[in-house]
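Visitor: I am new to this structure. Please take me through one part of it closely, and keep the sentences short.

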There are 2 protein chains.
Amino acid sequence: MSRPTMETVAERAGVSRALVSLVMNNSSKVSEAKRQAVLRAAEQLGYRPNLHARNLAQARTKTLGMIINDIHNPFFAEVVYGVEAAADDYGFDVLILNGGRDAERERRAVETHLQFQVEALILVGPKLDDDDIIRASAVVPTVVVASGRDNPGADTITTDEERGAALAVQHLVELGHTDIVHIDGAANISSRARSRGYEKAMRSLGLEPRILRGGDDEADAEAAIVNLAETDSMPTAIFAFNDLVAAGALSTLEAAGLRVPDDVSVVGYDNTFIAELNHMSLTTVNQPRHQMGQLAIRTVLERIEDDRTEPTRIDLAPTLSVRRSTAPPRKA
Amino acid sequence: MSRPTMETVAERAGVSRALVSLVMNNSSKVSEAKRQAVLRAAEQLGYRPNLHARNLAQARTKTLGMIINDIHNPFFAEVVYGVEAAADDYGFDVLILNGGRDAERERRAVETHLQFQVEALILVGPKLDDDDIIRASAVVPTVVVASGRDNPGADTITTDEERGAALAVQHLVELGHTDIVHIDGAANISSRARSRGYEKAMRSLGLEPRILRGGDDEADAEAAIVNLAETDSMPTAIFAFNDLVAAGALSTLEAAGLRVPDDVSVVGYDNTFIAELNHMSLTTVNQPRHQMGQLAIRTVLERIEDDRTEPTRIDLAPTLSVRRSTAPPRKA
DNA sequence: CGTAAGATTTAGAGCGCTCTAACGCAATTG
DNA sequence: CAATTGCGTTAGAGCGCTCTAAATCTTACG
C-alpha cells in the first residue's frame, strides 16, 4: 500500500536505481529503449518522486517561501500572481503561508519555511519587526514587498508612496480644488509616507494641509467625517489613506446628504477591487502590484546566483487611476 | 556556511546525535541537564531541523496540501482561515498553492503537493474535473470544499445552494414582492443549483419565475438589466447569482435612474466583502465559510485516522444577511 | 555490597534520492 | 589486433533525520 519508490520502478523496468534517476531528471545520456522501459514502469506503478528525498540528496530545494500578511487582502493577491509568474520562469515552486495579520503567526511561518529549506523568503506586507527580518535574512535571502520602511539586510520592493500621495493632490488641484483634507492611516505602516507626501504637495502648491486621524477601515473614515461635519468645515475634496477608508467616506458623506463627486470629491489609495466596482468607481492611486511581485523574485534569485551581499531597494512609480469619484468643485 | 545539522549540535553539546533528536522532539526521557546543554548548543549554532530529512525518516509529513481556485477571491480566503485554524489544532502544517483559475495549473499543483507527500489534499472551489479528482483521491485522502457537484472518491463540504436561493426568494416575498427576476450565473458551477432553488421557491409560492442569463461579473449583470429595461418589464426585485453580479445590478439600475431599494430591491449571494461595504450594503445569502474550512479538515483527518473508505458529503445550511438593498416594493 | 529494575544514552540501520567514480562494451584507430 | 575512446549503465556512499535494540548508568533493596 505504500507508495512505489525508485527501487520498485527499477526492478520492474529491469534496470538500476541510478538509471531511473537519470530518466526522471531527463538526462540525455540514456538510451531511448531504456528510457521508454522506465517511463512505462513508472506509469504503471503510479510512481511519483519523493521530493523530500530529492531535496535531501541534492541539498537544494528549488522552492521559495512566501508569507502573505493577510490572504483576505486582494492587494496582496495581485502580488502573488506576479511572484508566481516570475518563479515559474526560473523553475521554482512557491509555497505560500498565511500570516493572518499577526506577527507571531508570521514568525512561525518563517520558521516553517526555513525548516523546509526554502531558498529564499518573500514577505508580502509583513508585520514582522526589524529584528525578525534581520534574523531571517541572515539565514536565507529575503525580500520584502510593499512595506514602507527600510528592511535591514533584506531586499525591498516598494512604490514611492510620497509620490503617490502627491499624484492624488495634484489631480485634485488640477480639477480646481484648494480645500483638500487628508484622512490618514493612523498607526498603519504606510501612513507616514502618504501623509508626508500629501503635506509636501499641498505646501508646495501654496495650500494649507489639513490632516485628520483615520485608520484602515470604513468605521475609521466615518468617525473622521462626522468630526469634520460637526466641528470643522467640510472641504471640497478628501484624500483617504486607502480605498477602504475612501469607501467609508463615500457612505458617510451620502448619509450626511452630500453627493460624491458633486459636493465632495474622494480619492483612495491602492486601486483595489473595491475602487473598480462601478457602484464605487473610486479615483485612486495605483501600485504596479504584479510588477512588484515579479521584481521581488528577480531580485532575490539574482541575489542567490550572483551572491550579491548588499541589499537592494527598488522603488517603483505609482500611477493614478481616475474614475468617477472626483470632479471639479461645485462653483461657489 | 552550510547550515548546522544534528551532528554539529551533538558534538557541541557533547552528546550523541540520537539524544539531540530526542530533545528536539521533546521526549520525556532526557535528563534536564542534557536537555539544557543540547538546547543551548542548538541556540548558539542557530540550528534548525531539516524537515525533509525528518519527513523522509518518519515516512510522514504532518502536512496538508491546499489548492485555492483563485487567491483573488475573498470568498476562498475565509475558508482558508477555517482550514488553518482546524489544522493548527491537529498539529498539521498547511501548504497553499494557488490554482489561478486554471485547471492545468491546478493539476500541476496537485502533482507538486503529492510529491511533497502531503497527507491530505484540500481543494477549494477546484476547476479540476471528476477524473482528476478520482486520480488524486486514489493517492491521498481528498476533500473538496465549495463545489456544487458530487466528487467521486473525495469528501465534499458544501452548502445547500438550492436552499440558499429559497431563502432569498422567501425574504423578498415576505417584504411583499411578487415580481422577482433571477439573473443566473451562466456556465458557473453553482448556477444550476441556485437557479433551481429560485425556481422551485417561486413556484411553490405560486409565483411565476423569470430567469435571465447573467454570468459572474458586473458586466454580465449590466447586459441582463439593459435587456430587462428595453424589452421586458422591470421587476420590483432582483435576485442575482452572486454579490458581484448584484453590484453590477446596483450601478446599472442607478444609471437607469432607478433607486435601490426604493424602486428595485437587490439580493446577492456569498456575503463577500463587497456586500458588507456600507456604500453597497447588499442583502445576500451567507455561507458559513469558516466552518466549511474547519469541517474540511476534520473530515479528511478523521478519514486518515479511522481509515474510513467511504467518502462523506456534508451540506451546511446557508443563512441570509439582510442589509439595505432590500425593502418592501413601492406601493403601486 | 551485589544486583535487579529503571532511567538515560547511544550505536547503527534505514528512509528515497542524487552523484561521483568506475565499469562494460562497442566502435574507432594506429 | 591491441589500445583507445566514449557512451550507457551501475555500485555505493551520503544527504539529515528517526527509531529500535542494546549499552550504560543510577538507584534502591535484601
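Visitor: Take DNA strand D and the surface around it. Which residues come nearest to DNA strand D?

Guide: One caution before the details: this is a predicted model. Start with the nearest residues. There are 25 residues around DNA strand D. S16(A), K34(A), M6(B), S21(B) and Y47(B) come nearest. Now look at the DNA side. Sugar and phosphate make up 67% of the strand D atoms that come within 4 Å of the protein.

Three side chains of chain B can be followed to the phosphates. In Y47(B), a side-chain N or O atom is 2.4 Å from a phosphate oxygen of DNA strand D. For S21(B), the distance from a side-chain N or O atom to a phosphate oxygen of the strand is 2.6 Å. N25(B) also takes part: a polar atom of its side chain lies 3.3 Å from a phosphate oxygen of strand D.

Which elements build this surface? Helices α2 (17-24) and α4 (51-58) of chain A each supply at least two of its residues, and so do α2 (17-24) and α4 (51-58) of chain B. Sorted by class, the surface near DNA strand D has 13 nonpolar residues, seven polar ones and five charged ones.

Turn to DNA strand C. Here, too, 25 residues surround the strand. The closest are M6(A), S21(A), Y47(A), S16(B) and K34(B). Among the atoms of strand C within 4 Å of the protein, sugar or phosphate accounts for 64%, and bases for the rest. A polar atom in the side chain of Y47(A) lies 2.4 Å from a phosphate oxygen of DNA strand C. N50(A) uses its backbone: an N or O atom there lies 3.2 Å from a phosphate oxygen of the strand. A53(A) reaches a base instead. One of its backbone N or O atoms is 3.4 Å from a base nitrogen of DNA strand C. Helices α2 and α4 of chain A, with α2 and α4 of chain B, each give at least two residues to the surface near strand C. That surface has 13 nonpolar, seven polar and five charged residues.

Both chains take part in both surfaces, as the helices show. Now see how the chains meet. 51 residues of chain A are in contact with 51 residues of chain B. Between them, about 5100 Å² is buried, and carbon and sulfur atoms give 58% of that area. R48(A), H52(A) and H279(A) supply 15% of the area that chain A buries against chain B, more than any other three residues.

Next, the polar side of the meeting. The interface of chain A and chain B has eight salt bridges. In one of them, R108(B) pairs with D88(A), with the closest N and O atoms 3.8 Å apart. A network of salt bridges links E84(A), D88(A), R105(B) and R108(B). Between the two chains, 23 residue pairs are in polar contact, both residues at pLDDT 80 or more. On chain A, the side that touches chain B draws at least two residues from each of α4, α5 (74-90), β2 (93-98), α6 (103-115), α11 (243-255) and α12 (273-276). The residues of that side divide into 24 nonpolar, 14 polar and 13 charged.

Last, look within chain A. Over all chains, the whole structure has 44 salt bridges. E7(A) and R17(A) form a salt bridge, at 3.8 Å from N to O. The pair links distant parts of the chain: E7(A) is in helix α1 (residues 6-13), R17(A) is in helix α2, and they are 10 residues apart. E7(A) is partly exposed, at 40% relative accessibility. R17(A) is partly exposed as well, at 48%.

Another salt bridge joins E162(A) and K200(A), whose closest N and O atoms are 2.9 Å apart. E162(A) sits in helix α8 (residues 161-175) and K200(A) in helix α9 (residues 191-204), so the pair ties together parts 38 residues apart in sequence. D132(A), in helix α7 (residues 130-139) of chain A, is buried, with a relative accessible area of 9%. Its side chain makes a polar contact with the side chain of R135(A), at 3.2 Å.

Notes:
Residues are numbered from 1 along each chain as its sequence is written. Chains are lettered from A and ligands numbered from 1 in the order in which they are written. This is a predicted model: local features need pLDDT of at least 70, side-chain atom pairs count only at pLDDT 80 or more; totals for chains, interfaces and linings use all residues. Side-chain values use heavy atoms; hydrogens and water are left out. A residue is near a molecule or strand if one of its heavy atoms lies within 4 Å of it. A polar contact is a pair of N or O atoms within 3.5 Å; within protein, one must be able to donate a hydrogen and the other to accept it, and residues adjacent in sequence count only if both atoms are side-chain atoms. Helices (H or I, at least four residues) and strands (E, at least two) are DSSP runs, numbered from the N terminus. Ala, Val, Leu, Ile, Met, Phe, Trp, Tyr, Cys and Pro count as nonpolar, Asp, Glu, Lys and Arg as charged, and the others, Gly among them, as polar. Contact means heavy atoms within 4.5 Å. Buried area is the accessible area (1.4 Å probe) that two parts lose on being put together, summed over both. A salt bridge is a side-chain nitrogen of Lys or Arg within 4 Å of a carboxyl oxygen of Asp or Glu. Buried means under 20% relative accessible area, exposed over 50%, partly exposed in between (1.4 Å probe, protein chains only).
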